[in-house]
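Subject: Structure for you to look at

Dear colleague,

Here is the structure I said I would pass on. Please open it first; my notes follow below.

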Amino acid sequence: MPDWLTHLLALLALPEYGLSTVAVVSFISATLLPMGSEPAVFGLVKLNPDLFWPAILVATAGNTVGGALDWWLGRGALALVEHRRHSTVHVKALDWLERLGPKACLLSWLPGIGDPLCTVAGWLRMPFWPCVGYMAIGKFLRYLVMTAGLLHLFPGGLSWVS
């Protein structure tokens, strides 16, 4: 394995870096890689139950900043997708998004379509701060429900860690 990859994996390892790992993973999962950050949040909270709320808030912040970056990427992408503008699916989706406005960003928590939704919101030039606010609400609720649900499903200690 290349040294840079080994170093990166060590840097992102839980629990040594904890909340910073959650911030990086939640940011990256909203932007560059199609991955979920919930396992990192769950792992940190299982190892450190007192970090439940800080982990939820840090994951929300990291994922929201990633969604905001998606919004800015979408704002600059108009020229790249102009040739698809007239397909019926594209027109219906744009009409739906324009009707909902920034509130559509509440759905940014959805797997698969949430991050592109943030990009399209920027592309449609929806107001930045209302979009970021709705993204934050949706992402916060996702982390809260997912982490609490996983803790409920797996309430026992981490016997496999020691």
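What pattern does the protein follow when read along the sequence? The pattern is α-α-α-α-α-α-α-α, with eight helices and zero strands. Please keep in mind that this is a predicted model.

Confidence

The mean pLDDT of the protein is 83, and 79% of its residues reach 70 or more. Among the elements, α8 has the highest mean pLDDT, 94, and helix α5 (residues 78-81) the lowest, 63. Where pLDDT is low, the predicted coordinates should not be read in detail.

Overall figures

Of the 162 residues in the protein, 35% are buried. The protein exposes about 9500 Å², and carbon and sulfur atoms supply 72% of that area. If one takes the contacts between residues at least 6 apart in sequence, 76% of them join residues at least 24 apart.

Cores

The largest nonpolar core has 16 residues. Those with the most contacts inside this core are Trp-71, Leu-97, Ala-121, Leu-124, Met-126, Cys-131 and Met-135. Two or more residues come from each of α4, α6, α7 and α8. Another core, of nine residues, lies apart from it and includes Val-41, Leu-44, Phe-52 and Tyr-143.

Met-135 is a good residue to click on in the 16-residue core. Leaving aside neighbours within four places in sequence, Met-135 is in contact with Thr-64, Gly-67, Ala-68, Trp-71, Cys-105, Ser-108 and Cys-118. Cys-118 is one of the buried residues of α7, and the others there are Gly-114, Leu-117, Ala-121, Gly-122 and Trp-123. Just after α7, Arg-125 takes a positive phi of about 60°.

Helix α3

Why can helix α3 (residues 38-47) be called largely enclosed by the rest of the structure? Eight of its 10 residues are buried, so the description fits. The buried residues are Glu-38, Ala-40, Val-41, Phe-42, Gly-43, Leu-44, Val-45 and Lys-46. They pack against α2 (19-30), α4 (52-76) and α8 (128-153).

Two residues of α3 can be followed further. Is Glu-38 buried or exposed? Glu-38 has a relative accessible area of 13%, so this residue is buried. Beyond neighbours within four places in sequence, Glu-38 is in contact with Arg-142, Tyr-143 and Met-146.

Val-45, also found in helix α3, counts as buried because its relative accessibility is 2%. With neighbours within four places in sequence left out, the residues in contact with Val-45 are Leu-51, Phe-52, Ala-55, Thr-147 and Leu-151. Val-45 and Gly-18 are 27 residues apart in sequence, and their C-alpha atoms are 9.3 Å apart in space.

Surface

Which residues make the nonpolar surface patch of about 230 Å²? They are Leu-106, Ile-137 and Leu-141. Leu-106 sits in the loop between α6 (88-100) and α7 (114-123). With a relative accessible area of 32%, Leu-106 is partly exposed. A residue needs over 30% to belong to a patch, so the 32% of Leu-106 meets that cut-off.

That is what I have for now.

Regards

Terms used:
Residues are numbered from 1 along each chain as its sequence is written. This is a predicted model: local features need pLDDT of at least 70, side-chain atom pairs count only at pLDDT 80 or more; totals for chains, interfaces and linings use all residues. Side-chain values use heavy atoms; hydrogens and water are left out. Patches are made of residues with over 30% relative accessible area and no salt bridge: like charges are joined within 9 Å, nonpolar side chains (Val, Leu, Ile, Met, Phe, Trp, Tyr) within 5 Å. Accessible areas come from the Shrake-Rupley method with a 1.4 Å probe; for residues, only the protein chains shown count as cover. A salt bridge is a side-chain nitrogen of Lys or Arg within 4 Å of a carboxyl oxygen of Asp or Glu. Helices (H or I, at least four residues) and strands (E, at least two) are DSSP runs, numbered from the N terminus. Buried means under 20% relative accessible area, exposed over 50%, partly exposed in between (1.4 Å probe, protein chains only). Contact means heavy atoms within 4.5 Å. A nonpolar core is a set of buried Ala, Val, Leu, Ile, Met, Phe, Trp, Tyr and Cys residues joined through side-chain atoms within 4.5 Å. pLDDT is the predictor's confidence in each residue, from 0 to 100.
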